[in-house]
Amino acid sequence: MGGVYILSVKNIKLKRDGKELLRGVDLEIGECEIHSVIGPNGAGKSTLAYLLMGIGGYSPEEGSVHFNEEDITQFTITQRAKHGITLAWQEPARFEGLTVHDYLSIGAGGTGKVSENTLRHALEMVDLSPDKYLHREVSEALSGGERKRIEMASILTMKPKLAILDEPDSGIDVVSLKEVVALIQDLKKNGSSVFVITHREEIVAASDKASLMCDGMIVKTGSPAEISDFFIKKCKPCDVETHDLKGG
Amino acid sequence: MDVIKLDTSAEFTAMADAYERSGGDPSVLKMADVSSLVVSGNKILSANQTEGVVLEKESTESGVDIMLTIKKGYTIPNPVHLCFGVLPKEGLQQINVTMIAEEDSSVELIAHCTFPNSEHVIHKMDGKIIIHRNASLTYNETHFHGKKGGVEVIPKAKITIEEGGRYYTGFTLVSGRVGFLDLDYEVDAGKDAICELNAKVYGKGDDKILIKEKVFLNGENARSVIKSRVAISDNAVAEFTGVTEGHAPYARGHVDCVEVVQGNAIAKAVPIVMVDDPLAKVTHEAAIGSVDKKQVDTLCARGLEENEAVDAIVKGMLK
Ligand SMILES: Nc1ncnc2c1ncn2[C@@H]1O[C@H](COP(=O)(O)OP(=O)(O)OP(=O)(O)O)[C@@H](O)[C@H]1O
Ligand SMILES: [Mg+2]
């Protein structure tokens, strides 16, 4: 397949505490592409997301990660962020004393780098009233769903080249799934590539490309329709040797 | 309204400057409708009392004796401002203060303590606070120290809250070096009393921090929260002791301490909870450790360097 890849992952292997969590991951993401990945619990999706972000303890034993043709395999989180990569956690951290305003400003390059209107707009985009939320703390006082929305707002204000979203749909009410889809499409419209981990068919359907991850490997990449099959066939834990996906 | 004394001397200006640099608005110290007191060393530089406030003060050999009374039934509209400081490099300042909130009164006090040039300054405060029935007293004290750390701050206070009274206090020492802090507050809470003690301290270098906060829930349905946030780095040491005893039915208390440690700093937290009434309940939580990794990673993923991320997290915690 031709085209320009913004991210190119080759044969990534990762062990933690003696356990092989990633067993030779290959992945390519194109510019302004929405690439979703599905797979059973424990397949290694979040692990892959952490590795792509450069989180401590997640550097690969083997393989490489290239971003815009630069080898970033050994880059720190900050270096990757400065190159335009960011991550929205499956379960976002909470910060006592840090307001939504502060938090969004940090993503936007520091306080004062971006107008308050931009921050307000980002909150509106995730359906949180700016008047109600801008000066609240990103702490325990927020619900998990609110925190997920703020996480998305922070990705929007950061305008990354590559957004890694780990289950942006989890913990968010079903009614809002459409909004999550719209946000992902917005990111694309604004020039971001999106790597989105999900368990929702709707998000796969809205993607340009999708992958199926199983047992530490990406076992299939294709069109959303091809991958969506596995929601229907209920991918049973695949035969690791052959990755026989037809068994469902 | 009666302006007792308004000083425009160089010393007042210097205090007002230090006050401003420490984040205060010095213009309030000259407002006729704001009760205030400015003390430099043992000199009373200005004082003002407004309706409902009785402010008696007297200069002593090494400080001041203060008696502040909020008259029965008065809600004081503007916060009362107290400004204490020692401008020279060395000195002892002993503040003896009694505060009385009479029945059904309500007041907020804002105290700033500033020692901008300190190399060896001792600031002692002995406080006695009585909050009578259904009165409310809020006391927030913020410290601003110089960069050298030669300050000893020794605030002690005994607080009595009568039935239905409320007491909120905050002690903040996060800018400049701590030096040595030995804070000791003890509260006796009566029936339906509410009490909240907050402390935020940032220690660096070889700062030494001791915080002791004790609450005795002696009245039925008395409630308290002790909350402390301490960040220490370099070779600083901190020890927090939070005591809450529930001695009456339906008394509820909670002790909450978070200490963040960097470098070679050493932190200790000692929550002591005790209940001798079967219907009382006291809980505690204490967390000591380095800054949460996920928080740091999250801010790094937004483009901050690791040290900037730690700084933002610690500042947030101490805000
Ligand atoms: N430090 C570790 N040591 C050993 N095993 C680990 C470690 N961290 C994670 N794992 C294991 O790695 C596997 C992959 O976890 P990961 O969180 O990446 O799964 P996931 O695909 O994101 O699942 P989910 O859909 O539930 O979010 C799991 O079996 C998990 O238990
Ligand atoms: Mg996961």
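**Exercise 1. Find which residues lie nearest the centre of the second largest pocket.**

Keep in mind that you're working with a predicted model. Start with the lining, which has 16 residues. Those nearest the centre are A:Asn41, A:Gly42, A:Ala43, A:Gly44 and A:Lys45. Next, look at the elements: strand E2 (19-30) and H1 of chain A each supply at least two lining residues, and E2(A) gives the most, with 4 residues. Now sort the lining by class: 2 nonpolar, 8 polar and 6 charged residues. The volume comes to about 260 Å³.

**Exercise 2. Work out which protein atoms hold the magnesium ion (ligand 2), and say whether their residues are buried or partly exposed.**

First, pick out the donors: OG of A:Ser46 and OE1 of A:Gln90, lying 2.0 to 2.3 Å from the ion. Then place them in the chain. A:Ser46 belongs to helix H1 (residues 45-53) of chain A, while A:Gln90 sits in the loop between strand E6 (85-88) and helix H3 (100-107), 44 residues apart. Finally, check exposure. A:Ser46 has a relative accessible area of 18%, so it counts as buried, because the cut-off is under 20%. A:Gln90, at 25%, is partly exposed.

**Exercise 3. Explain why strands E4 and E19 of chain B each have one side without a neighbour in the sheet.**

Write down the strand order of this open, 9-strand sheet: E4-E5-E7-E9-E11-E13-E15-E17-E19, with mixed pairing. E4 (53-59) and E19 (266-275) stand at the edges with a single partner strand each, so one side of each stays free of a neighbour in the sheet. For a look further in, take E5 and E7 of chain B: they run parallel and are joined by 8 bridges. There, B:Leu68 stands opposite B:Met99 in E7(B).

Definitions and conventions
Residues are numbered from 1 along each chain as its sequence is written. Chains are lettered from A and ligands numbered from 1 in the order in which they are written. This is a predicted model: local features need pLDDT of at least 70, side-chain atom pairs count only at pLDDT 80 or more; totals for chains, interfaces and linings use all residues. Side-chain values use heavy atoms; hydrogens and water are left out. Donors are N, O and S atoms within 2.8 Å of the metal (3.2 Å for Na, K and Ca); water is not among the atoms, so sites may look incomplete. Buried means under 20% relative accessible area, exposed over 50%, partly exposed in between (1.4 Å probe, protein chains only). Two strands pair if DSSP finds at least two bridges between them. On a 1 Å grid over the protein atoms alone, a cavity is a set of points where a 1.4 Å probe fits but cannot get out, and a pocket is an open set with protein on both sides within 12 Å along at least five of seven lines; lining residues have an atom within 4 Å of a point. Grid points are joined across faces, edges and corners, and a volume is the space filled by probe spheres set on the points. Ala, Val, Leu, Ile, Met, Phe, Trp, Tyr, Cys and Pro count as nonpolar, Asp, Glu, Lys and Arg as charged, and the others, Gly among them, as polar.
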